[in-house]
Amino acid sequence: MRISNLPGQISESKTLAITALAARMRAEGREVISLSAGEPDFATPAVIRQAGIRAIEEGWTRYTPAAGKPEVRQAAAESLQRDFGLQYKAEEICITAGTKPAIYQSLLVLLNPGDKVLIFAPYWVSYPDLVHMASGVPVIQKTEEKNGFLPTKEELEKVFAEHDLRCVILNSPCNPTGAAWPPELLETLVQLCLAKETWILSDEIYGQILYGNTLHVSPAEIRGGRKLTVVLNGLSKAYSMTGWRLGYLAAPKEVTQAVAKIQSQMIGNPCTISQGAALEALGKDHSKERGEMLAAFQERRRFLLDRLPSIEGFSLRAPAGAFYMFPGIQPLLDRKGWDDEGFCMEALEELGVALVPGSAFGFPGHIRLSFAASMEDLKMAVDLLQAWTRTFGGGGTPKR
Ligand SMILES: Cc1ncc(COP(=O)(O)O)c(C=O)c1O
């Protein structure tokens, strides 16, 4: 029997593939330190868990309107105001089954077949495939490490001059680099988008996981930006709720309504029980609960910033947000004649350390380490990597 061409044209998420291989090795009794996961290693805060349980007990177990319950949309509007300084009405917000579906459904609404979508590399692994699945054409604009993994003003102007872009995907702070867009660069982007009637899909899922003096700025805050921006967010990272599958988008009403229409046919409505938990999560200030997680991330980030550059062949930029490091390792690859995927497979096989190759993010020669892992695991992993890479001139594999 025949199936369509689409599954063959998209790739399985490499982060998931490596996490799965690590899990399989563990099941076989091998010790694995997983630095490949893209989810916080913290439980969903107790009050939010309780709200989920209460939702079941109180009968939040039926269908809801496609765009979500009105009070949950209102809670999302309050969170956007309180946590991001953005003003949206409940009717401009659609609750979704996670940020990933929010991105896909937005692309379905904004793109006609063949429309071009600008994506900056390094990019979150799923963007190009989501664009393909929505019949769009990704235009990949590579950034440079020396520019902090951000495009320059000139690069932006050039790519807008060369391509008729329907849409730009922005991810600030970025997975995998942690780079955050400064307001001046956002202003340039918004001006270019206004001139060309280009939409901005602004994935702000790491907007509450920031370090140092970094401030989160949304293109919707930039003058002229609100009418061309779709703000995408979710509960997975900021509230440790990856499995609840809940996100939302805020956009001009006609986009929100169109997304809700598509959602009504694709999934019906986002999980009603999770909407009950989201009412608590988004409706109240949970910065205190988040503080514990942020303090841990801060300590781990500090540790990695101290230790990773001491590994010969590693180059590193400090992430402004999110919970990843994205070191360059090209000198080590050259020494071994490997590519970054080979490096990660060897690190998993030889050391039992799971990492993600930069090529998964459209940026070979790098690796991504998630610091959503305990300090003990991070220390052990860095020690192993340091000892292992020292042998690259020759010698054997370090033992635990
Ligand atoms: C940049 C980015 N956007 C979206 C997502 C997906 O989030 P959700 O769990 O809300 O679908 C992730 C998850 O890793 C991510 O890193």
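A polar contact here is a pair of N or O atoms within 3.5 Å; within protein, one must be able to donate a hydrogen and the other to accept it, and residues adjacent in sequence count only if both atoms are side-chain atoms. The model is predicted, so local features need pLDDT of at least 70 and side-chain atom pairs count only at pLDDT 80 or more, while totals for chains, interfaces and linings use all residues. Residues are numbered from 1 along each chain as its sequence is written, and side-chain values use heavy atoms, leaving out hydrogens and water.

**View 1. The ligand and its shell.**
Look here for the 13 residues that surround the ligand, the closest being T99, D203, S236, K237 and R245; a residue is near the ligand if one of its heavy atoms lies within 4 Å of it. By type, the shell splits into 4 nonpolar, 5 polar and 4 charged residues. For that split, Ala, Val, Leu, Ile, Met, Phe, Trp, Tyr, Cys and Pro count as nonpolar, Asp, Glu, Lys and Arg as charged, and the others, Gly among them, as polar.

**View 2. Polar atoms at the ligand.**
N175 puts a polar side-chain atom 2.8 Å from an oxygen atom of the ligand. For D203, a polar side-chain atom sits 2.6 Å from a nitrogen atom of the ligand, and for S236 the partner is a ligand oxygen atom, at 2.6 Å. The protein covers 92% of the 400 Å² of accessible area that the ligand has on its own. Those areas come from the Shrake-Rupley method with a 1.4 Å probe; for residues, only the protein chains shown count as cover.

**View 3. Two cis peptide bonds in one loop.**
Most residues other than glycine have a negative phi, and most peptide bonds are trans. A cis bond joins S172 and P173, with omega about -5°. Another cis bond joins N175 and P176, and there omega is about 25°. P173 lies in the loop between β5 (165–171) and α8 (183–196), and P176 is found in the loop between β5 and α8 too. Helices (H or I, at least four residues) and strands (E, at least two) are DSSP runs, numbered from the N terminus.

**View 4. Positive phi at S135 and E197.**
S135 isn't a glycine, yet its phi is positive, about 65°. You'll find S135 in the loop between α6 (127–133) and β4 (137–142). S135 is partly exposed, because its relative accessibility is 39%; buried means under 20% relative accessible area, exposed over 50%, and partly exposed in between (1.4 Å probe, protein chains only). E197 also has a positive phi without being a glycine, at about 55°. E197 is in the loop between α8 and β6 (199–203), and it counts as exposed because its relative accessible area is 64%.

**View 5. Helix α5, with Q105 and L108.**
Q105 lies in helix α5 (residues 99–110), and L108 is found in α5 as well. Q105 is buried because its relative accessible area is 1%, whereas L108, at 30%, is partly exposed. Contact means heavy atoms within 4.5 Å. Leaving aside neighbours within four places in sequence, Q105 is in contact with T96, V259, I262, Q263 and M266. With the same neighbours set aside, L108 is in contact with A134, I262 and M266.

**View 6. Helix α11 and what it packs against.**
Helix α11 (residues 287–307) has 21 residues and reaches 29 Å from its first C-alpha to its last, close to the 30 Å expected at 1.5 Å a residue. That expected span is 1.5 Å times one less than the number of residues. Buried residues in α11 include M293, L294, F297, R300, R301 and L304. An α-helix has 3.6 residues a turn, so residues three or four places apart point the same way. The buried residues of α11 pack against β9 (324–325) and α14 (375–390).

**View 7. E280 in helix α10.**
E280 is found in α10 (residues 272–283), and it counts as buried because its relative accessibility is 10%. Not counting residues up to four places away in sequence, E280 touches V47, I48, A51, R54 and H286.

**View 8. S34 in strand β1.**
S34 sits in β1 (residues 33–34) and is buried, with a relative accessible area of 18%. A polar contact of 3.3 Å joins the side chains of S34 and S36. Beyond its neighbours within four places in sequence, S34 is in contact with R26, A354 and A373.
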